[in-house]
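Trainee: Got a minute? I'd like to go through this one with you.
Mentor: Sure, let's open it up and you can ask as we go.

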Amino acid sequence: MSPKEILKVENVEKRFGGLKALNKVNLSVYENEILGLVGPNGSGKTTLINVISGIYKPDAGKIYFFGKRIDGIATYKLAHLGINRTFQIPKPFHGLTVRENVEVAALYSGKQCLKSFFKHLKNFKFMEKGYCNIEDDVQTALSIVGLDKLQDKQATQLNTSEQKLLGLARALATKPKLLLVDEIAAGLNQEETDKIAEILQSLVKKSISIIVVEHLMHFIHKITSRVVVMDSGSPIFEGTLEQAANDKRVVEVFLGG
Ligand SMILES: Nc1ncnc2c1ncn2[C@@H]1O[C@H](COP(=O)(O)OP(=O)(O)OP(=O)(O)O)[C@@H](O)[C@H]1O
């Protein structure tokens, strides 16, 4: 049986003034896969993640998630549907602890919590522990990334690697079916990178599909079975990383021929 397609990007375009950052992008993500999105600087990888995650509305094209049209939908609604992402530069709330950071993410993205929030806005009961039944999701997310023991620490006290794990925990607290991971391994040492690779692989076993944007090819090689190579806003190759390394156009794009 062929794997189920969960995300379909169809002829998507995104312009910034005169620059076409995305030009007729077609791409699919299947159930239980980690898809690597690679390409040189400025090739449109992050813009594509921003469009899929609802930060930018595409200028043209359509995006389907489990068959439902989702292009242009607000980020929090996409989180309710099961799409969330991490950022190249983690942006935790610095005045909050690690756990509180994850709680806010879970509250923001939980449909029931938003309802409760508006209903109880007057007495601010919404933040009470367990009120929205988010605590299990928060603790699960913290334990998946291994930050459970640091949960009472202030987010400001975390090192770079821990901040990236916190970003991942925040995304996981919303229980995504599709996770978009943008350059999570950049700036980390081998041990930290290996740990993140293991975590991402463990997520696939929990039926979370992942798109990983990354420049570090050993990281991509370790965790992906399929890559899409972008150049100047368009996919130019789809296949395994080994096949990509032997593709004339891909080599030209990365090494200038
Ligand atoms: N908000 C924006 N306003 C104007 N131009 C933008 C904006 N975001 C991205 N761009 C431009 O769009 C193009 C694609 O950028 P994008 O960040 O998607 O590339 P990338 O492949 O993720 O690059 P990198 O690997 O360096 O992160 C670049 O030319 C970039 O300068």
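Trainee: Which residue in strand 9 is the bridge partner of Gly 36?
Mentor: That's Val 227. Keep in mind that we're looking at a predicted model.

Trainee: Okay. And what about Leu 37, what's its bridge partner in strand 9?
Mentor: Val 228 in strand 9. Leu 37 also stands opposite Val 213, which is in strand 8.

Trainee: In which sense do strand 3 and strand 9 pair, parallel or antiparallel?
Mentor: Parallel, over 4 bridges, with strand 3 covering residues 34–38 and strand 9 covering residues 226–231. Strand 3 also pairs with strand 8 (residues 209–213) in the parallel sense, again over 4 bridges.

Trainee: What's the order of the strands in the open sheet?
Mentor: It goes 6-7-8-3-9-10, so you have 6 strands with mixed pairing. Strand 6 (83–85) and strand 10 (234–239) are the edge strands, each pairing on one side only. From one strand to the next, the twist averages 20°.

Trainee: How many residues of strand 3 are buried?
Mentor: 5 of its 5. Ile 34, Gly 36 and Val 38 are on one side, Leu 35 and Leu 37 are on the other, and both faces are covered.

Trainee: Why do the residues split between two sides like that?
Mentor: Because side chains in a regular strand alternate between the two faces of the sheet.

Trainee: New topic: Lys 45. Where is it found?
Mentor: Lys 45 is in helix 1, which spans residues 45–52.

Trainee: Is Lys 45 buried or exposed?
Mentor: Buried, because there are 25 other C-beta atoms within 10 Å of Lys 45, and the cut-off for buried is 20 or more.

Trainee: Which residues is Lys 45 in contact with, leaving aside its neighbours within four places in sequence?
Mentor: Leu 37, Gly 39, Val 213 and Met 230. You've met two of those names already: Leu 37 stands opposite Val 213 in strand 8.

Trainee: And how far apart in space are Lys 45 and Asp 59?
Mentor: 16 Å, C-alpha to C-alpha, and they're 14 residues apart in sequence.

Trainee: Let's go back to the start of the chain. How do strand 1 and strand 2 run?
Mentor: Antiparallel, with 8 bridges joining strand 1 (residues 5–16) to strand 2 (residues 19–30). One pairing to look for is Val 12 with Val 25 in strand 2. The two strands form a hairpin with 2 residues between them, and Gly 17 in the turn has a positive phi of about 60°.

Trainee: Now helices. At what angle do helix 5 and helix 6 cross?
Mentor: Roughly 145°, and their axes come within 8 Å. The crossing is right-handed.

Trainee: Which residues meet there?
Mentor: Ala 141, Leu 142, Ile 144 and Val 145 from helix 5 meet Leu 165, Leu 168, Ala 169 and Leu 172 from helix 6. By class, this contact has 8 nonpolar residues, with no polar and no charged ones.

Trainee: Last thing: how is the protein divided into domains?
Mentor: Domain 1 is 1–82 + 176–257, and domain 2 is 92–175. Their centres are 26 Å apart, taken over C-alpha atoms.

Trainee: How many residues does each domain bring to the contact?
Mentor: 10 from domain 1 and 12 from domain 2. On the domain 1 side, helix 2 (75–81) and helix 7 (190–205) are the elements giving two or more residues. Helix 2 gives the most, with 3 residues. That side divides into 7 nonpolar, 2 polar and 1 charged.

Note on methods
Residues numbered from 1 in each chain as written. Predicted model: local features only at pLDDT ≥ 70, side-chain atom pairs only at ≥ 80, totals over all residues. Axes fitted to C-alpha atoms, helices over the stretch in contact; angles between N-to-C directions. Left-handed = near helix turned anticlockwise from the far one by under 90°. Contact = placed C-beta atoms within 7 Å. Nonpolar A, V, L, I, M, F, W, Y, C, P; charged D, E, K, R; others polar. Buried ≥ 20, exposed ≤ 12 C-beta atoms within 10 Å, placed from the backbone. Domains from an automatic or database assignment.
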